[in-house]
Amino acid sequence: MNLQGKESQEASRIPSQFSSQERVAMKEALKDAIKIPTVSFGPEEFNTTALAEFGEFIQKAFPTVFKTSFIQHEAVGSYSHLFTVRGSDPSLQPYLLMAHIDVVPAPQEGWEVPPFSGLERDGFIYGRGTLDNKNSVMAILQALELLLVRNYVPRRSFYIALGHDEEVSGKYGAQKISALLQSRGVQLAFLVDEGSFILDGFIPSLKNPFAIIAVSEKGSINLNLQVNMAPGHSSAPPEETSIGILAAAVSRLEQSPLPNMFGDGPLKTTLQLLANELPFPTNIVLNNLWLFRPLVSRLLERNYITNAFVRTTTAATMFNAGIKANVIPPMAQATINFRIHPAQTVQEVLELVKKILADDRVQMHVTGAFDPLPISPSDEQAFGYQLLRHTIQSIFPEVNIVGPGICIGNTDSRHYTNLTSNIYRFNPVYLNPQDFSSIHGLNEKISVQAYHTQVKFMFELIQDADTYQGPVPHLHEL
Ligand SMILES: CCCCCCCC/C=C\CCCCCCCC(=O)NCC(=O)O
Ligand SMILES: [Zn+2]
Ligand SMILES: [Zn+2]
């Protein structure tokens, strides 16, 4: 594009300023979204009534999105949603914005306000899904609605994919959408999904928040352990029961963390970016990882959150045994969920686990597994990464470090590796350690101001995707 073209595009840019009426409508729409209990209970167990209601709700909340002639809406797998926004310039490769509408269950107990009330208190909207991930569902659609109301016509085509079963597998939502796009011959320039944040307060001596764009995500194994023993009368018990054997096996796994893999990946890059922001002597240590790597890797494993970044984690998540108080249990079962570090594979982890268990009476059955995701590019030429970075720096000027990282959880984006190798996971929201614990935990909440900023971010990102030219080339490249 010549200079004139660039100038006229900048002139036609729509400022991300919203009236007070629009701001109220935005937060009320998010509250209404939270009130619909779109819970995924298990791999095949969804609240289909709520999911159907959610489909109707978004049509009412975002009427312009649904009536615009260049936008096609399709329901996929009954409850997931795919929007195809046809841009005016077919020569530009399309991109994809993702989010999910399902949430994990929320017990009533322990919450300051009921988890599906969407109540606002002290400037925060509370409820399951306010961070994971209805905030993104709503912010994407809200930003598009506001752009369309202002007569914006995107140049670059894009898709919006909203899955309905991310919390259990993505099998009926993201997987089907991905297959549908593939059948249409779509190749994406990049995609943006949930999975990382602007991190605040995770490193005690670091004053400024920093943004991490996750360029990979951990793999996963759900491993079922089972011990079968002869049942009998509890009045004359054998030396060991299925419960005792299995409990000891689970304990061995907990007591034997898998190896610390801290090495050369995105985490090292980001720690080096952070080095100069940190006081002496941390800055010296991080600037000299060739020497201090063992020390840093030990420090990282001391905290349960940073520990998840340096190793494959082992979490005992289910334990079932026994049929009656006076019967020796015939069978005990446990589920262990491993999240695999990008430097390991499913196979390697299973071999290590077998060695730790070291008991043939404990049978292992893998009920679901996948390897860590490939690392997406984050270099100067990586358009999607640089575009995100550009928008982050314009919306959050106080954030001076934007670096690559890994997502310790799993996201629907893993179903799209057939469409792009540029997969970026980032939520434009500040996250502190307490917020982190609220995801899948208690009192999940987002401030009204943070939500408004998320809408503003999406509003700018969509426009940046049409205008961003990439980093200024070095002189010798001209
Ligand atoms: C030096 C680095 C400090 C890093 C501190 C990182 C804090 C945490 C950052 C991101 C949180 C990740 C959220 C994960 C979203 C996962 C979505 C989800 O629930 N998927 C389902 C599943 O994983 O089971
Ligand atoms: Zn999520
Ligand atoms: Zn989740």
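This short talk describes a predicted model of a protein with one ligand site under discussion.

Good morning. I shall begin with the overall division of the chain. The domain assignment gives two domains: domain 1, covering 3-195 together with 405-477, and domain 2, covering 210-370. Their centres, taken over C-alpha atoms, are separated by 31 Å. Where the two domains touch, domain 1 contributes 13 residues and domain 2 contributes 18 residues. On the domain 1 side, strand 18 (402-407), strand 19 (423-425) and helix 14 (433-438) each supply at least two residues. Strand 18 gives the most to that side, with three residues. By character, the residues on the domain 1 side divide into seven nonpolar, four polar and two charged.

Let us turn to the ligand. Which residues are the closest to ligand 1? They are S196, F202, G409, N410 and F436, and the whole shell around ligand 1 holds 18 residues. Both domains take part in this shell, since at least three residues come from domain 1 and at least three from domain 2. Among the contributing elements, helix 11, residues 304-310, gives the most, with three residues. The shell around ligand 1 divides into nine nonpolar residues, six polar residues and three charged residues.

Next, please look at strand 5, residues 95-100, in domain 1. Is strand 5 largely enclosed or largely open? Six of its six residues are buried, so strand 5 is largely enclosed by the rest of the structure. In a regular strand, side chains alternate between the two faces of the sheet. Here Y95, L97 and A99 point one way, while L96, M98 and H100 point the other way, and all of them are buried. Strand 5 pairs in the parallel sense with strand 8, residues 158-163, over six bridges. Within that pairing, L96 stands opposite Y159. Strand 5 also pairs in the parallel sense with strand 9, residues 191-193, over two bridges. There, L97 stands opposite V192.

Now to domain 2 and its sheet. Four strands form an open sheet in the order 14-16-12-17, and their pairing is antiparallel. Why is one side of strand 14 (313-321) and of strand 17 (363-370) left without a neighbour in the sheet? These two strands stand at the edges and each has a single partner strand, so one side of each has no neighbour there. Neighbouring strands in this sheet are turned by 20° against each other on average, with direction ignored. Strand 14 and strand 16, the latter being residues 331-340, pair in the antiparallel sense over eight bridges. As one example of these partners, A315 is matched with N337 in strand 16. A helix also belongs in this picture: helix 12, residues 346-357, lies across strand 12 (219-228), strand 16 and strand 17. Helix 12 runs at about 30° to strand 12.

Finally, I would like to consider a single residue, S242, which lies in helix 7, residues 242-255. Is S242 buried or exposed? S242 is buried, because 24 other C-beta atoms lie within 10 Å, and a residue counts as buried at 20 or more. Leaving aside residues up to four places away in sequence, S242 touches V227, N228, M229, A321, P329, P330, M331 and A332. One of these contacts, A321, is 79 residues away along the chain, yet the C-alpha atoms of S242 and A321 are separated by 8.2 Å.

Thank you for your attention.

Terms used
Residues are numbered from 1 along each chain as its sequence is written. Chains are lettered from A and ligands numbered from 1 in the order in which they are written. This is a predicted model: local features need pLDDT of at least 70, side-chain atom pairs count only at pLDDT 80 or more; totals for chains, interfaces and linings use all residues. Two strands pair if DSSP finds at least two bridges between them. Axes are lines fitted to C-alpha atoms, for helices over the stretch in contact, and angles run from 0 to 180 degrees between N-to-C directions. Two residues are in contact if their C-beta atoms, placed from the backbone, lie within 7 Å. A residue is near a molecule or strand if its C-beta atom, placed from the backbone, lies within 6 Å of it. Ala, Val, Leu, Ile, Met, Phe, Trp, Tyr, Cys and Pro count as nonpolar, Asp, Glu, Lys and Arg as charged, and the others, Gly among them, as polar. Domain bounds come from an automatic or database domain assignment. A residue is buried if 20 or more other C-beta atoms lie within 10 Å of its own, exposed if 12 or fewer, and partly exposed in between; C-beta atoms are placed from the backbone.
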